[in-house]
Amino acid sequence: MSNCIFCKIIDKSIAAKIVYEDNDIIVFNDIHPKADIHYLIIPKVHIESMLHLESKHTELMGKIMLKTNMIAQEAGLLGYKININTGVKGGQEVFHLHLHLLGNK
Ligand code: 5GP
Ligand code: ZN
């Protein structure tokens with residue numbers, strides 16, 4: 001989506017510190033980290049929020065959860081939090097679905 005910050009990170013027209021990428025997912029450092037590790041895990045397909053999930057996204061979301069856990073362990077985290085702010089009332093500011101992975105070493 002042309003005016004979406006995270007789509008611009010996906011197409012590399014905005015720079016980000018990318019820590020993982022494959023055909024479906026990209027993971028990068030949050031620009032304002034709130035923990036030692038603060039990654040944003042996003043699908044490459046533009047889905048606005050959890051409120052916009054459809055059954056066709058089931059496999060993608062499962063992959064995101066498994067990959068998030070793998071990346072947390074590779075970062076050396078013994079435990080972590082996942083936040084998914086959803087909708088304006090849920091504190092969402094960027095309307096491209098993303099998981100916050102937060103952990104302290
Ligand atoms: P939300 O409130 O939508 O769940 O969180 C959006 C997150 O995106 C915030 O933690 C914010 O710091 C991060 N963010 C916003 N713009 C950019 C950007 O251009 N680059 C990166 N790396 N993170 C961003
Ligand atoms: Zn987007």
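These are my notebook entries on ligand 1 and the pocket around it, looked up in a predicted model.

**Entry 1: the neighbours.** I started with the residues around ligand 1 and found 16 of them. Asp-30, Glu-93, Val-94, His-98 and His-100 are the closest. Sorted by class, this shell holds seven nonpolar, seven polar and two charged residues.

**Entry 2: polar contacts.** Next I looked for N and O atoms that pair up with the ligand, and I noted three cases. The side chain of Asp-30 has an N or O atom 2.5 Å from an oxygen atom of ligand 1. Asn-29 takes part through its backbone, where a polar atom is 2.9 Å from a nitrogen atom of the ligand. Gly-91 also uses its backbone, with an N or O atom 3.0 Å from an oxygen atom of ligand 1. I then checked how much of the ligand is covered: on its own it has 520 Å² of accessible area, and the protein covers 86% of that.

**Entry 3: where it sits.** Which pocket holds ligand 1? My lookup puts ligand 1 in the largest pocket. Two elements give two or more residues to the ligand shell, namely helix H1 (5-10) and strand S2 (25-29). H1 has the largest share, at three residues.

**Entry 4: the pocket itself.** I turned to the largest pocket, whose volume is about 430 Å³. It is lined by 20 residues, and those closest to its centre are Phe-6, Asp-30, Ile-31, Leu-40 and Val-94. Asp-30 and Val-94 had already come up among the residues closest to ligand 1. The lining divides into 10 nonpolar, six polar and four charged residues.

**Entry 5: elements in the lining.** Which element gives the most to the lining of the largest pocket? I found that H1 does, with three residues. S2 is there too, as H1 and S2 each supply at least two lining residues.

Methods
Residues numbered from 1 in each chain as written. Chains lettered and ligands numbered in written order. Predicted model: local features only at pLDDT ≥ 70, side-chain atom pairs only at ≥ 80, totals over all residues. Heavy atoms only, no water. Near = heavy atom within 4 Å. Polar contact = N/O pair within 3.5 Å; in protein donor to acceptor, adjacent residues only side chain to side chain. Areas by Shrake-Rupley, 256 points an atom, 1.4 Å probe, with all protein chains shown as cover. 1 Å grid on protein atoms, 1.4 Å probe; cavity = no way out; pocket = protein on both sides within 12 Å on 5 of 7 lines; lining within 4 Å. Sits in = over half its atoms within 2 Å of the grid points. Helix = DSSP H or I, 4+ residues; strand = E, 2+ residues; numbered from the N terminus. Nonpolar A, V, L, I, M, F, W, Y, C, P; charged D, E, K, R; others polar. Points joined across faces, edges and corners; volume = space filled by probe spheres on them.
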